[in-house]
Amino acid sequence: MKKAVLIPADFRDAGRKVFEDANIEMIAVKNVDNEALIQYGDQVQGAVVMLDQISNDTYAQTPKLKVLSRVGVGYNNIDPAGAAANGVWVTITPHANYNSVAEAILGAILMAARDTYQRQQLLLAGKWDQGHATAGHDISGQTLGIIGYGRIGHALAQKAAALGMKVVINNGAHHKKLEVGTEVSLDELLATADYVSLSAPVTKETTAMMNKQAFKQMKPSATLINFGRGQLVNHGDLIAALKNHEIHSAVLDAFQQEPLPVDDELTKLDNVFLTPHIGGGTIDAMDRGCHDAASEVVRVLQGKKPQWPVNQL
Ligand SMILES: NC(=O)c1ccc[n+]([C@@H]2O[C@H](COP(=O)([O-])OP(=O)(O)OC[C@H]3O[C@@H](n4cnc5c(N)ncnc54)[C@H](O)[C@@H]3O)[C@@H](O)[C@H]2O)c1
Ligand SMILES: O=C(O)[C@H](O)[C@H](O)COP(=O)(O)O
C-alpha cells in the first residue's frame, strides 16, 4: 500500500517533488496541527510541521506515525522526548534558513541605525523631519552583541564584521572557536552593545533571559533585535523598557504569542518595528526547507535514520 504524509497546503514544489519521486501520497491541510494529525492519524506515516504546537496526547491517535519533520530550526512547539517515547522521530532543516535570518537581522540593524521606519511614519504623517541630531549612527564602528553563536549567530557575525561593526558574542556555557569577534560575558555584552541580537534556542536558561534586569544593563541608546523566539524575552518587561526609554528601540520578528494580537501593547509603541516571523521566510529558504524536510521523511519511511534528528529512538 502507498505510504502517505501530511503536508501544509502551502508546501513548496521543491518538497512535493521529493515525495512524488519516492511515490509517497501527500495529504495537504491548511495547518498540520493536533487536529489534522488526529483526523488523518490512521493514514499517515509522516508529517511536515511548521510552528503549530504538537501535544504528546496526539500520538495515541497516530498509530502509524514515524516522523514529524519541521521546516525550520526551532522545535519548541514539539516535545522531542515525548515524540521519541511514542516511536516518532523529530527532525529539523538546519541548512535551509540560517543565512536568510542573518540577512534579515542585518537589515534590521541597518534600518534601526537610522530609525528608518519611524521616519517614514513621520513623513507619511506630513512631518518632514530631517533633524540631524537624531539622524542615527553609522553602523561601522558600532558594537553588535550576539547572544547565541550557532548557525545564525556565526553568519551574522561574519556579515556585521565585514561592514565594520565590532562584534561581541555570548554563547552561554558553550564556548566556541570564533572567526571574528570577541567572546564576552553576558553582563559585558549587555553593557557594551549598541545592538543586542538574540539567536539562542529556547531552554530553561534562555527563557525570559531578556528581562527587567537585562534591559537595565543595556545602554539607553541600544536596540534589541529578536529573530530568535518570543520566549527569550519577558514581554511585559520589554514593553516597560521601551515605554520608559530604558532602551532606544526594538526590532522583533518573534513573539511570545504568535500571531501577535493586533491590540497588543507593542503595536501601540513608536520605537518598535514588528514583522510576523519572516526571518527565515524567503522563497529560497522555504524551497530549501521544504526539500530538506521532505527528504527527512522519505529517509525515515525507507527505514533509514534521519540526517538531522533532535531526538533519538
Ligand atoms: N525568525 C525566524 O524565522 C527564525 C528562523 C530560524 C531560526 N530561528 C530561531 O533562532 C534560533 C537559533 O537558530 P540557529 O540555526 O542559529 O541554531 P543553532 O542551534 O545553530 O544555534 C544556537 C546557539 O545558541 C547557543 N546557546 C544555547 N544556550 C545558550 C545560552 N544560554 N546563551 C547563549 N547562547 C546559547 C547554542 O550553543 C548554539 O550555539 C532557533 O532556535 C530558532 O528559535 C528563528
Ligand atoms: O514558516 C515559518 O513560519 C518559518 O519561516 C519557519 O518555520 C521558520 O521556523 P524557525 O526556523 O524559526 O524554527
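**Stop 1: the β6–β9 pair**

Select isoleucine 147 in this predicted model. Its bridge partner in β9 is leucine 198. Now show both strands in full. β6 and β9, the latter spanning residues 195–198, pair in the parallel sense over 4 bridges.

Stay on β6 and colour residues 143–147 by accessibility. How many of its residues are buried? The count is 5 of 5, so the strand is mostly covered, given that buried means under 20% relative accessible area. Check the two faces separately. Thr143, Gly145 and Ile147 lie on one side, and Leu144 and Ile146 on the other; all are buried. This split follows a general pattern: in a regular strand the side chains alternate between the two faces of the sheet.

**Stop 2: across to β7**

Select β7, residues 166–170. Which way does it run beside β6, parallel or antiparallel? The pairing is parallel, with 5 bridges. For a landmark, pick glycine 145, which stands opposite valine 168 in β7. Then trace the connection. From β6 the chain passes through helix α6 (residues 151–162) to reach β7, and this β-α-β crossover is right-handed.

**Stop 3: the whole sheet**

Show the strands as ribbons. The open sheet has 7 strands with parallel pairing, in the order β8-β7-β6-β9-β10-β11-β12. Go to the edges: β8 (182–183) at one, β12 (272–274) at the other. Why does each have a side without a neighbour in the sheet? Each has a single partner strand, so one side is left open.

**Stop 4: ligand 1**

Select ligand 1 and expand to its shell. There are 26 residues around it, and the closest are Arg151, Ile152, Asn171, Lys176 and Gly280. By class, the shell holds 8 nonpolar, 14 polar and 4 charged residues.

Now go through three contacts:

- Lysine 176: a polar side-chain atom lies 2.8 Å from an oxygen atom of ligand 1.
- Phenylalanine 227: here a backbone N or O atom lies 3.0 Å from a nitrogen atom of ligand 1.
- Aspartate 253: a polar side-chain atom sits 2.9 Å from a nitrogen atom of ligand 1.

Turn on the surface. On its own, ligand 1 has 860 Å² of accessible area, and the protein covers 87% of that.

**Stop 5: ligand 2**

Move to ligand 2. Its shell has 13 residues, and Arg70, Val73, Gly74, Arg229 and His277 come nearest. The shell divides into 5 nonpolar, 6 polar and 2 charged residues.

Three side chains to label here:

- Arginine 70: a polar side-chain atom is 2.5 Å from an oxygen atom of ligand 2.
- Arginine 229: a polar side-chain atom also lies 2.5 Å from an oxygen atom of ligand 2.
- Asparagine 97: an N or O atom of the side chain is 3.0 Å from an oxygen atom of ligand 2.

The protein covers 84% of the 350 Å² of accessible area that ligand 2 has on its own.

**Stop 6: two buried residues**

Select threonine 91 in strand β5, residues 89–91. Buried or exposed? Threonine 91 has a relative accessible area of 0%, so it is buried. Add serine 69 to the selection. A polar contact of 3.2 Å joins the side chains of threonine 91 and serine 69.

Next, valine 300, found in helix α10 (residues 283–301). Valine 300 counts as buried because its relative accessibility is 7%. Draw a C-alpha to C-alpha distance from valine 300 to proline 201. They are 25 Å apart in space and 99 residues apart in sequence.

**Stop 7: backbone oddities**

Some background before the last picks. Most residues other than glycine have a negative phi, and most peptide bonds are trans.

Select glutamate 258 and proline 259. The peptide bond joining them is cis, with omega about -5°. Proline 259 is in the loop between β11 (249–252) and β12.

Go to asparagine 23, in the loop between α1 (13–21) and β2 (25–29). Its phi is positive, near 60°.

Finish at aspartate 115. What is the sign of its phi? Phi is positive, about 50°, although aspartate 115 is not a glycine. The residue is in the loop between α4 (98–113) and α5 (116–124). Aspartate 115 counts as buried, because its relative accessibility is 16%.

Terms used
Residues are numbered from 1 along each chain as its sequence is written. Chains are lettered from A and ligands numbered from 1 in the order in which they are written. This is a predicted model: local features need pLDDT of at least 70, side-chain atom pairs count only at pLDDT 80 or more; totals for chains, interfaces and linings use all residues. Side-chain values use heavy atoms; hydrogens and water are left out. Buried means under 20% relative accessible area, exposed over 50%, partly exposed in between (1.4 Å probe, protein chains only). Helices (H or I, at least four residues) and strands (E, at least two) are DSSP runs, numbered from the N terminus. Two strands pair if DSSP finds at least two bridges between them. A crossover is right-handed if, with the strands pointing away from the viewer, the path from the first strand over the helix to the second runs clockwise. A residue is near a molecule or strand if one of its heavy atoms lies within 4 Å of it. A polar contact is a pair of N or O atoms within 3.5 Å; within protein, one must be able to donate a hydrogen and the other to accept it, and residues adjacent in sequence count only if both atoms are side-chain atoms. Accessible areas come from the Shrake-Rupley method with a 1.4 Å probe; for residues, only the protein chains shown count as cover. Ala, Val, Leu, Ile, Met, Phe, Trp, Tyr, Cys and Pro count as nonpolar, Asp, Glu, Lys and Arg as charged, and the others, Gly among them, as polar.
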